[in-house]
Amino acid sequence: MSNLQLHVTQGTLKKSSEILGKMDNYVLVRLHSGGKTNDYKSTIVPGAAKEKPITWNYTFNIPISQAQRDARLEVWVKDEDMTKDDINGKGWVNVERCGMFNGRGSYQLRLHGDNKKQEHAGDLYFTTNYS
């Protein structure tokens, strides 16, 4: 099986999920393919604030083959909390339509809020390498 390296460089968020203090953000990637899902979680970046760049510099290694043409990535930026993690933003990527099977690429994913309005919640920047 081949491998998709998804390297999250940085992101920005429009709102903070904390009333007091800083956020402790991580990226969660869920691969949807063939009726199955697999989750991948980045390291946590402590001390994040809205409108300030958050640097992850984290690489996900996602096993995927070109036969998985229906593959989609659901991507969240979350804030780790003691009780329940907050969703700061989420987005979707269609792997084939974005050309991720074609080798290397750079992407900006627009994140949306987790509500009915789907307002712009921030952006996530990443590169990919398929081998």
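**A buried aspartate in an all-strand chain**

Good morning. I begin with Asp-79, which is buried yet forms no salt bridge; the nearest side chain of opposite charge is that of Lys-41, 11 Å away. Please bear in mind throughout that this is a predicted model.

Where in the chain does Asp-79 lie? It belongs to strand 6, which covers residues 72-79. Leaving aside residues up to four places away in sequence, Asp-79 touches Ser-17, Glu-18, Met-23, Asp-24 and Asn-25, together with Asp-85, Asp-86 and Asn-88.

Let me now turn to the chain as a whole. How many helices and strands does the chain have? There are nine strands and zero helices, so the order of elements from the N terminus reads β-β-β-β-β-β-β-β-β. The radius of gyration is 15 Å, close to the 14 Å that the globule rule gives for 131 residues, and the chain is therefore as compact as a globular protein of that length. Along the principal axes, the C-alpha atoms fill a box of roughly 45 × 30 × 25 Å.

As for the interior, buried residues account for 42% of the 131 residues. Of the contacts with a separation of 6 or more, 60% join residues that are 24 or more positions apart.

Finally, the surface and the charges. The exposed area of the chain is about 7,400 Å², of which carbon and sulfur atoms supply 47%. The chain carries 18 positive and 15 negative side chains, and 5 Å separates the centres of the two sets. Asp-79, with which I began, is a buried residue without a salt bridge. Thank you for your attention.

Technical notes
Residues numbered from 1 in each chain as written. Predicted model: local features only at pLDDT ≥ 70, side-chain atom pairs only at ≥ 80, totals over all residues. Heavy atoms only, no water. Helix = DSSP H or I, 4+ residues; strand = E, 2+ residues; numbered from the N terminus. Rg over C-alpha atoms; globule rule 2.2 N^0.38 Å. Buried < 20%, exposed > 50% of the residue type's maximum accessible area, 1.4 Å probe, protein only. Contact = heavy atoms within 4.5 Å. Areas by Shrake-Rupley, 256 points an atom, 1.4 Å probe, with all protein chains shown as cover. Lys, Arg positive; Asp, Glu negative; His and termini not counted. Charge placed at Lys NZ, Arg CZ, Asp CG, Glu CD. Salt bridge = Lys/Arg side-chain N within 4 Å of Asp/Glu carboxyl O.
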